[in-house]
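Reader: I should be grateful for a close look at a single part of this model, namely the surroundings of the ligand. Please describe them in one connected account.

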Amino acid sequence: MVEKFKIQGGEALKGEVSVSGAKNSVLKLFAASILVKGSTKIYNVPQLTDVNIMLNVLSDLGAKLDYNLEEKSVSIDATDITSITAKYELVSKMRASFTILGALLARCKEAIVALPGGCAIGERRVDFHIKGLEALGAKIKIENGYVHAKASKLVGTDIYLDIPSVGATENLMLAAVTAQGATRIQNAAQEPEILDLANFLNTIGADITGAGTSEIVINGVPRESLHSAEYTTIPDRIEAGTFMAAVVGTKGKAVIRNVYPAHLTFFNDKLIKMGANIKLADPTTIEVSCKSKLNSINFVTQPYPGFPTDLQAIAMTLLTTSNGVGIITESLYENRFMQVPDLRRMGADIHQDRNHAIIKGVKYLTGATVVASDLRAGAALVIAGLMANGETYVEKLHHIDRGYESFEQKLSNLGAKIIRFDDETTVNNIGTNIKGVLNESCL
Ligand code: EPU
């Protein structure tokens, strides 16, 4: 079954949308849960393909799971971990599952985890993860595509990361929770998801300070002192930014609920410079609107708190019809401009030179058939379709389903004319009847 979105552009998005739990946080909380010889319960879990993959990894290791879709919670009973292997079949589907390495090593003193390999958006090496675990005392061999790590005892130490890698910071935090003595991670990633992981780990009995800054100290605690707990993950800042961009791009007006505005400071600042109105209504609500044509801006993607690479493609879409010329420099990934050829097919004027893109605003985009080449490029093309004149078809929706819960339902609640269909579904009745069609095709 090949699913596509059909989007009728030109509707200003209006209304309210509630942001789901953070994908990039909850996946790591799942990995962390195996440190506890008991049960943990995590709330605000979004329903996503990546969540299912991570739960399969845990289940393969012997954890018992209870996924309550209505409650948006997952209970993980990791009393018995019966395997130390995370298979290639799962890790290759989702790189975030590599974070299980640090947790499994801490829990079982040995872990065999498939190397994730390359990825469409860049090389995405894991050398800092490996070097950091070695510094903690693990003996590591790479054999047959797997990382085989062993450590009868992990010992805390100072680790400096050459790049503030999110995944490496998380893997090392997980490994260090029960290490002997203190581990200090310098030049650590500062993303909100790192702080969320530290808060979760402290809730189950770890002793971590400094998370959310560039220096994190993990004082090792005895493994037996880790205990069961319940925890609610943070809202997804990238999903929130995506909806804000969709509202701004369609000259709409909406209330974004269940969002932490502080997690989007840099992005919000850029949207304001482009001409959007942004009001922080209360600690978890943003009101966003835009009436006039946007102004172009320049930006460089950077680790948090800089401009998030995960919103780069989405911001590029806004620049395609802004006044003037905008320049984007992508500094985190080698190949994260995959949306460019498809945006050009919709009429955008973009010149790309290695990791720089120069976007000259055009009057309007026109609908076309485009392909989601990765999660964020896919979301960027959906927004382009909402802004464009005419009909846009977005293919390869499995990329979008990895990271956006009920994407088309949330967008259509804001008034977007978007429908998911497969080859057997008729799409002629798009428009006034759209909600009825969605109910049938999206469940
Ligand atoms: N890097 C290395 N060596 C390492 C680790 C990273 O060279 O050992 C490089 C990577 O190749 C990359 C850069 O450092 O060029 C940053 O990578 P990082 O480790 O920070 O990213 P990640 O942990 O693999 C997470 C998110 C990404 C997000 C980045 C940056 C998850 C599951 N993924 O990836 O999210 O882009 O941080 O913020 O948390 C997405 O959600 O669409 C997504 C790709």
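Author: In this predicted model, the side chain of D310 has an N or O atom 2.7 Å from an oxygen atom of the ligand. The side chain of R376 likewise places an N or O atom 2.8 Å from an oxygen atom of the ligand. With G167 the backbone takes this part: one of its N or O atoms lies 2.8 Å from a ligand oxygen atom. On its own, the ligand has 830 Å² of accessible area, and the protein covers 87% of that.

Which elements supply two or more residues to the shell around the ligand? They are four helices: α1 (23-33), α5 (127-135), α6 (166-176) and α12 (375-387). The shell as a whole comprises 22 residues, of which K28, D127, S165, D310 and L332 are the closest. By character, 9 of the shell residues are charged, 8 are nonpolar and 5 are polar.

The account may now turn to the sheets. One open sheet has 4 strands in the order β18-β19-β21-β20, and its pairing is mixed. β18 (299-300) and β20 (349-353) each have a single partner strand and therefore stand at the edges, with one side of each left without a neighbour in the sheet. In general, strands of a sheet pair through backbone hydrogen bonds, and they may do so parallel or antiparallel. Here β18 and β19 (residues 325-329) run parallel and are joined by 2 bridges. Within this pair, F299 stands opposite I328 of β19.

A helix accompanies this sheet. Helix α10, which spans residues 312-319, lies across β18, β19, β20 and β21 (356-360). Its direction makes an angle of about 170 degrees with that of β19.

Another open sheet, also of 4 strands, follows the order β6-β7-β9-β8 with mixed pairing. Its edge strands, β6 (85-86) and β8 (139-143), each pair on one side only. Strand β7 covers residues 110-114 and runs parallel to β6, to which 2 bridges join it. The bridge partner of T85 in β7 is I112.

To return to the ligand, its oxygen atoms thus have N or O atoms at short listed distances from the side chain of D310, at 2.7 Å, from the side chain of R376, at 2.8 Å, and from the backbone of G167, at 2.8 Å.

Technical notes: Residues numbered from 1 in each chain as written. Predicted model: local features only at pLDDT ≥ 70, side-chain atom pairs only at ≥ 80, totals over all residues. Heavy atoms only, no water. Pairing = 2+ DSSP bridges. Contact = heavy atoms within 4.5 Å. Axes fitted to C-alpha atoms, helices over the stretch in contact; angles between N-to-C directions. Near = heavy atom within 4 Å. Polar contact = N/O pair within 3.5 Å; in protein donor to acceptor, adjacent residues only side chain to side chain. Areas by Shrake-Rupley, 256 points an atom, 1.4 Å probe, with all protein chains shown as cover. Nonpolar A, V, L, I, M, F, W, Y, C, P; charged D, E, K, R; others polar.
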